[in-house]
Amino acid sequence: MREHFAHVQNGSCRQNGSCLLMVIDITQERGLSHLDFKYLDGAPVCRFPLFNVLQPLSLDWMYLVYVVMFFGALGIMLGCFYRLSCLMFISTYWYIFFLDKTTWNNHSYLYGLIGFQLTLMDGNRYWSIDGLRRPSIRNAHVPLWNYTLLRTQIFIVYFIAGIKKLDADWVEGYSMSYLAHHWLFDPFKVILPVELVNLLVVHGGGLVLDLTAGYLLFFDATRPYAFFFVSYFHCMNSQLFSIGMFSYTMLATSPLFCYADWPRKFFACFPEFLRAVLPLTSPDPQPSTSCVYNEIQTSKLRLKHKLGAIFTILYIIEQFFLPYSHFITQGYNNWTNGLYGYSWDMMVHSRSHQHVKITYKDGKTGEIGYLNPGVFTQTRRWKDHGDMLKQYATCLNQFLPRYNISDPEIYFDIWVSINERFQQRIFDPRVDVVKADWSPFRPNTWLMPLLVDLSPWRTKFQEIEGSLDNQTEIVFIADFPGLHLENFVSQDLGNTSISVLQGKVNVEIVEEKKNFTLQPGEQIKVPAGAYHKVYTVSEDPSCYMYIYVNTTEAALQENFTKLLELQERVRNGTETEPLPPELQPLITADDEGSELNATDPIVQLFLKRQRRMKEVKKRREAGALERLERFAVKKYYTIRRGFLMTAIAMRNLVVGLPSLEQLTREVAFANMKEPQAEANQDERLKDEVGHGEL
């Protein structure tokens with residue numbers, strides 16, 4: 001029981017630890033830097049709170065919520081009015097967390113859990129402002145259950161994530177196969193083919209590390225090796241995924257598993273003249289009433305000690321139970337169990353969406369129309385979750401009457417592939433989701449089943465894709481009996497055909513009013529620039545594939561190849577014919593802005609692509625200092641915008657809104673970015689316009 005708090009302050013969210021990262025995270029992933037885009041007053045936006053009664057405050061008051069959360073995290077980090085700071089942080093953090101399910105992920109959930117735990121712990125005993133104000137708690141012991149709770153929480157993050165990765169899709173290498181092509185895995189490709197890198201390194205390595213990391217960190221003999229591997233793992237994750245501060249937070253939690261006196265030993269190594277500004281290195285912390293001491297007879301077991309022990313046991317049981325509690329909240333189960341966030345099933349499932357159609361039907365006139373997928377939303381997360389789809393349909397039902405659509409019915413046709421399976425419907429397209437029944441405690445009746453019996457086809461997919469050339473693309477489709485897919489083939493896809501793999505389908509060419517029945521092994525070419533329908537007429541699900549070539553892109557690539565060859569001949573002096581005026585910019589391709597002189601759109605696009613490829617190569621080959629500078633500048637402008645917009649909001653709350661002209665100038669100043677970023681953004685916009693015209 002005689003452990004002191006030095007260890008917790010460095011590893012669990014104290015100075016220079018996770019709370020510093022959580023302070024930074026408020027301007028990043030929590031969204032302070034772009035809060036005005038998310039909660040703009042009066043904007044018609046469909047939102048997805050956990051409880052429908054939860055609604056955002058007005059924009060300026062939302063900034064105040066973030067200010068309270070920021071100072072709460074800062075107070076925890078500094079140990080300043082610690083208990084109040086914890087309450088400020090967790091009350092605002094969980095409000096924002098529950099306000100938007102679409103942003104849920106495992107690490108955001110973890111931050112909230114740690115904040116809750118710290119509220120009950122003695123986290124202000126060592127190197128804290130509260131310790132300076134109150135000598136009675138300065139450098140005092142911290143009860144062992146504080147350490148037990150934090151260490152177990154991090155152990156659960158690793159271990160349950162490993163248990164979840166025992167899923168067949170992960171073990172067989174289908175969950176994250178695209179990662180094997182990332183440059184971070186190039187060293188492994190020197191000795192292994194990419195298929196084995198995917199199976200053994202990406203999936204096998206991730207499984208083994210998650211299952212063993214918690215155990216290896218716990219024992220003295222294996223802890224140094226665990227430090228190396230988990231540090232390497234989290235550093236890689238920081239480059240592979242956009243997961244905010246999570247990788248760095250997990251790095252900061254690793255010292256939790258060390259002996260509690262390691263910070264004292266570490267700071268004792270510094271020169272004597274620095275000791276005044278460094279944490280105490282005295283080996284003898286003072287006793288605390290929060291602890292029970294066996295060797296002190298006057299130390300009695302009090303109610304708060306018993307409550308601490310009971311809470312620790314109940315909390316750990318709850319944390320082991322919650323990832324498997326989906327049999328209770330069945331309404332949130334889709335093809336995967338529960339709302340993504342509290343199950344530690346990190347990266348086990350990857351999805352791709354091929355086709356999304358939203359159909360509305362006027363309840364009075366019967367008029368049918370279509371909506372752009374994602375209209376009135378700021379997210380794409382609703383596509384995979386029945387509860388969010390229900391909220392979205394209800395919101396559309398409220399918004400559409402503004403556009404003279406009475407009592408609208410809303411139908412969704414969403415096609416998803418999970419872990420490289422067939423593209424298939426996830427929800428029944430015949431169900432009006434506005435009127436559909438949904439409960440958090442009952443299974444979703446309009447969820448279509450995942451066709452797991454067709455999973456073995458994935459091996460065949462790889463064989464088929466390997467037999468195609470680089471210009472030919474393919475999409476694998478599976479559909480249910482009695483349903484049909486309505487599809488439009490773009491004019492760019494001049495060579496598109498449907499080939500049946502299993503079952504029986506009827507293909508209707510809408511404009512030609514012709515129908516063709518296809519059996520397995522048969523195929524038909526479908527016209528570009530026209531609609532067609534594919535009906536599944538067999539008793540079992542049908543499986544077929546679209547094989548197509550983007551003829552516009554293929555022609556463009558052919559032109560690029562010819563221009564590149566011509567440019568090379570000009571540079572090495574083997575081109576004898578004079579270039580026509582429209583090709584003259586190829587000679588000065590290395591000059592800044594040479595593409596602006598090009599009159600031919602193909603040449604202009606070719607030169608822009610060349611310049612962009614040079615910029616990408618330059619960024620990849622940049623040295624460590626240049627990369628660090630680029631990272632720091634980007635973060636500076638992000639944080640700068642967050643603080644300036646917060647200052648504007650606080651001023652609005654205190655003295656009221658200024659004139660529109662002044663507010664416009666202030667927001668424009670807050671939006672200022674580094675010159676290079678502005679130039680790149682302008683170029684991207686020009687490229688989009690140019691490509692559209694081409």
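This is a short dialogue on reading disulfides and salt bridges in a predicted model.

Biologist: Let's begin with the cysteines. How many disulfides does the structure hold?

Modeller: A disulfide is recognised by two cysteine sulfur atoms lying within 2.5 Å. Here there is 1 disulfide, formed by C46 and C395 with their sulfur atoms 2.1 Å apart. The pair links distant parts of the chain, 349 residues apart: C46 sits in the loop between α3 and α4, and C395 in helix α16.

Biologist: Which hand does the link of C46 and C395 have?

Modeller: The link is left-handed, with -85° about the S-S bond. As for surroundings, C46 is buried at 4% relative accessible area, and C395 is buried at 10%.

Biologist: And why is there no bond for C291?

Modeller: Its closest cysteine sulfur, in C86, is 17 Å away, so the distance is too far for a bond. C291 is buried, at 3% relative accessible area, and C86 is buried too, at 0%.

Biologist: Now to charges. What should I look for in a salt bridge?

Modeller: Side chains of opposite charge can pair when their charged atoms come close. The whole structure has 24 salt bridges. One of them joins D122 and R125 at 3.4 Å, N to O, and both residues are buried.

Biologist: Is D220, the partner of R223 in a salt bridge, buried or partly exposed?

Modeller: D220 is partly exposed, at 40% relative accessibility, while R223 is buried at 10%. Their N to O distance is 3.0 Å.

Biologist: What about D432 and K435?

Modeller: Their closest N and O atoms are 3.3 Å apart. D432 counts as buried, whereas K435 is exposed at 55%. Elsewhere, D25, E29 and R30 are joined into one network by salt bridges that share partners.

Notes: Residues are numbered from 1 along each chain as its sequence is written. This is a predicted model: local features need pLDDT of at least 70, side-chain atom pairs count only at pLDDT 80 or more; totals for chains, interfaces and linings use all residues. Side-chain values use heavy atoms; hydrogens and water are left out. Helices (H or I, at least four residues) and strands (E, at least two) are DSSP runs, numbered from the N terminus. Buried means under 20% relative accessible area, exposed over 50%, partly exposed in between (1.4 Å probe, protein chains only). A salt bridge is a side-chain nitrogen of Lys or Arg within 4 Å of a carboxyl oxygen of Asp or Glu.
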